[in-house]
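Here are my notes on the model, as numbered points. Please read them with the structure open.

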Amino acid sequence: RAAIEIERQWSYKKLKKLNKDLQSRLKQQALELLEKEHFLQTLLDLDAFPLSVFWKDVNSIYLGCNRAFLRDANLTKIDDIIGKSDYEMPWAETEAENYRADDHEVIESNQAKLGIIETQVQADGHQVWLETNKIPFYDLDGQVRGIVGIYQNITERRRTEAELQHMSMRLNLAVRSANIGIWDWDVVNDVLIWDEQMFALYGIESPKDHNVYQTWLTCVHPEDAKRASQAIMQALAGEKDYDIEFRIVRPDGQVYFLQANAIVQHDSKHQPIRMIGTNYDITERKHTEELLRQAKEAAELANRAKSNFLALMSHEIRTPINGVLGLAHLIHQTQLDSTQQEYLHQLENSASSLSKIVNDILDFSKIEADKLSLESIEFELDEILERLQAVLALKANEKRLDLQFEVGDTVPRRLV
C-alpha cells in the first residue's frame, strides 16, 4: 500500500512538471505568434508599403486591415473596422454589392480572383480606380475561412492610359486622313510589320507566309529596287537618314510614287535593333511637278522664240532705216532752200529716233538672255529736246498746238 502511494505521488509530480512544461511551451508559442502577427501588421502598415490590404470572413465581415486601407475607409485604428461590412464603409451605396459578390465568388469557387479593375468611392467623396486581387485563406483543417484582398490605386495609370488612347485615336485619324502607312521592322529577329494602310498603299493583301520584306521588294519598281534597298542598308549603318522617293508597281500594273522616311533605334552597343518608318503616296505631287516642268519648258521655248523674233524684226527694220538715213545724207549734198533743209533735218532726227527704238528692242532681247551690258554716255540736253520737238511737231500742228520746251537756267546742259 505504501508503495502504491509513493507511485501515485511520483506520477503526480511528473504530470505536474509536464503540465508546467506544456504551459511554458504554449506561452512561448503564443508569444511567438503575437510577435509574428505584430511583425506582419507592422510590415503592412509601413508607409513605404504601397498596397491596401484587408481580410474578411466567409460572410464578408472585416477581420482586419493595414493602415493604408484604414485611410481609404477614413478610420483611425483596426478595432474600428473589425466586425463591419462593406455596407458600413464610404462605398456602401456604390460598390458594396460588387465587392461582396467578388468575395462570394472566391469563397464558393475556392479560387483566387486576380486583376479586378473596379472603382471605389473614398471617404472624401472622390472616386478612384483600383486593381484588386482576392484570394481565399484556410484554417488548419483546410477549410475556407475567408478572403484576403490586396489592391492598389491605379487612377493615375487609368488617366494616362485614357490620354494615350485618345492620342492614339487622334494619331490614327491623322494618319488615315493623310494616307500614311506605318511599318515596324525588328532588325534582330528580321520581322517586318505593316499596318493596314501600308497594304492599301501597295494595293495588296497581307501575305500568308508573313514575309513582308520580300513582298515589299517585289512591289518596288525594278529600276528603283536596288536604290531603295541600298538606302535601308545605309540607314542601318548610320551613313545617312532614310529619306527616299521610289516607285512601286501595283498588281493592276499602275505605277505610284511613294515617299519613305524612317528612324533607326540602337542598343547600348550602337547596333541597329529596330527601324520604324512611314510611306505615303506622292503620285499626284509628282504628276503636278511634271506638268509644271513641261509648262516651264514650254514657256522658256516661247520666250526664246519671242526673243528670236524681236531680234530678227529689229534687224529687218534697221535695214530700211539705214537706207533712209543714207538718202538723207545724199540729199544734204544738193541745193536746198531753208525750208527743205529743216524738213530734211526733222527726217533725219525721226529716223535716228526710230533706230534707237530698234536698238532698245534688241536690248530687251539681251536682258532676257542675261547679255545686256550698261554704259554711261554723255549727251546734250538741248539736242535731245530739239529732236523730241521735231518728232512731236507734226502731231502738235495737226491739233493746232504750239509745242515749246523751256529749260531752267539751273539745269545742266550736258548730262550722263
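1. What span should the 15 residues of helix α7 have at 1.5 Å a residue, and how far apart are its end C-alpha atoms? The expected span is 21 Å, and the end C-alpha atoms of α7 (residues 222-236) are 22 Å apart, which agrees. Bear in mind that this is a predicted model.

2. Now the sides of α7. Its buried residues are D224, A225, A228, S229, A231, I232, A235 and L236. They cover an arc of only 155° around the axis, so they sit on the same side of α7. E223 and K226 are on the other side of α7, and both are exposed. The pattern has a familiar basis: an α-helix has 3.6 residues a turn, so residues three or four places apart point the same way.

3. What do the buried residues of α7 pack against? One partner is a helix, α6 (212-219). The others are strands: β6 (180-186), β8 (242-249), β9 (255-266) and β10 (272-281). Just after α7 comes G238, with a positive phi of about 80°.

4. The loop ahead of α7 deserves a look. H221 lies there, between α6 and α7. H221 counts as buried because its relative accessibility is 14%, and the cut-off is under 20%. Leaving out residues up to four places away in sequence, H221 touches R247, I248, V249 and V255. R247, I248 and V249 fall within β8 (242-249), and V255 within β9 (255-266). Both strands also pack against the buried residues of α7.

5. Helix α3 (residues 96-109) passes the length check too. Its 14 residues should span 20 Å at 1.5 Å a residue. The end C-alpha atoms of α3 are 20 Å apart, which agrees.

6. Which residues of α3 are buried? They are A96, Y99, D102, D103, V106 and I107. Seen down the axis of α3, these buried residues fall within an arc of 135°, so they line one face of the helix. E97, N98 and E108 are exposed on the other side of α3. The cover over the buried residues of α3 includes β1, β3 (113-121), β4 (127-138) and β5 (144-153).

7. Look next at K56, in strand β1 (residues 52-57). Is K56 buried or exposed? K56 is buried, because its relative accessible area is 1%, against a cut-off of under 20%. The side chain of K56 makes a polar contact with the side chain of D103, at 2.8 Å. D103 is itself one of the buried residues of α3.

8. The surroundings of K56 reach well beyond D103. Setting aside neighbours within four places in sequence, K56 is in contact with I61, Y62, L63, D86, D103, F137, R145, G146 and I147. Among them, F137 falls within β4 (127-138), while R145, G146 and I147 fall within β5 (144-153). Strands β4 and β5 are also part of the cover over the buried residues of α3.

9. Two asparagines have unusual backbone angles for a check. N110, just after α3, has a positive phi of about 55° although it is not a glycine. N110 sits in the loop between α3 and β3. At 34% relative accessibility, N110 counts as partly exposed. N74 also has a positive phi, near 60°, in a residue other than glycine. N74 is placed in the loop between α2 (67-73) and α3. N74 is exposed, with a relative accessible area of 56%.

10. On cysteines, the disulfide count comes to 0. C65 is buried, at 0% relative accessibility. C219 is buried too, at 7%.

11. Last, the chain as a whole. There are 10 helices and 12 strands. Of the 416 residues, 26% are buried. Among contacts between residues at least 6 apart in sequence, 45% join residues at least 24 apart. The chain exposes about 29300 Å², and carbon and sulfur atoms supply 55% of that area.

Methods:
Residues are numbered from 1 along each chain as its sequence is written. This is a predicted model: local features need pLDDT of at least 70, side-chain atom pairs count only at pLDDT 80 or more; totals for chains, interfaces and linings use all residues. Side-chain values use heavy atoms; hydrogens and water are left out. Helices (H or I, at least four residues) and strands (E, at least two) are DSSP runs, numbered from the N terminus. Buried means under 20% relative accessible area, exposed over 50%, partly exposed in between (1.4 Å probe, protein chains only). A polar contact is a pair of N or O atoms within 3.5 Å; within protein, one must be able to donate a hydrogen and the other to accept it, and residues adjacent in sequence count only if both atoms are side-chain atoms. Contact means heavy atoms within 4.5 Å. The expected span of a helix is 1.5 Å times one less than its number of residues. The arc is that of the directions from the helix axis to the C-beta atoms. A disulfide is a pair of cysteine sulfur atoms within 2.5 Å. Accessible areas come from the Shrake-Rupley method with a 1.4 Å probe; for residues, only the protein chains shown count as cover.
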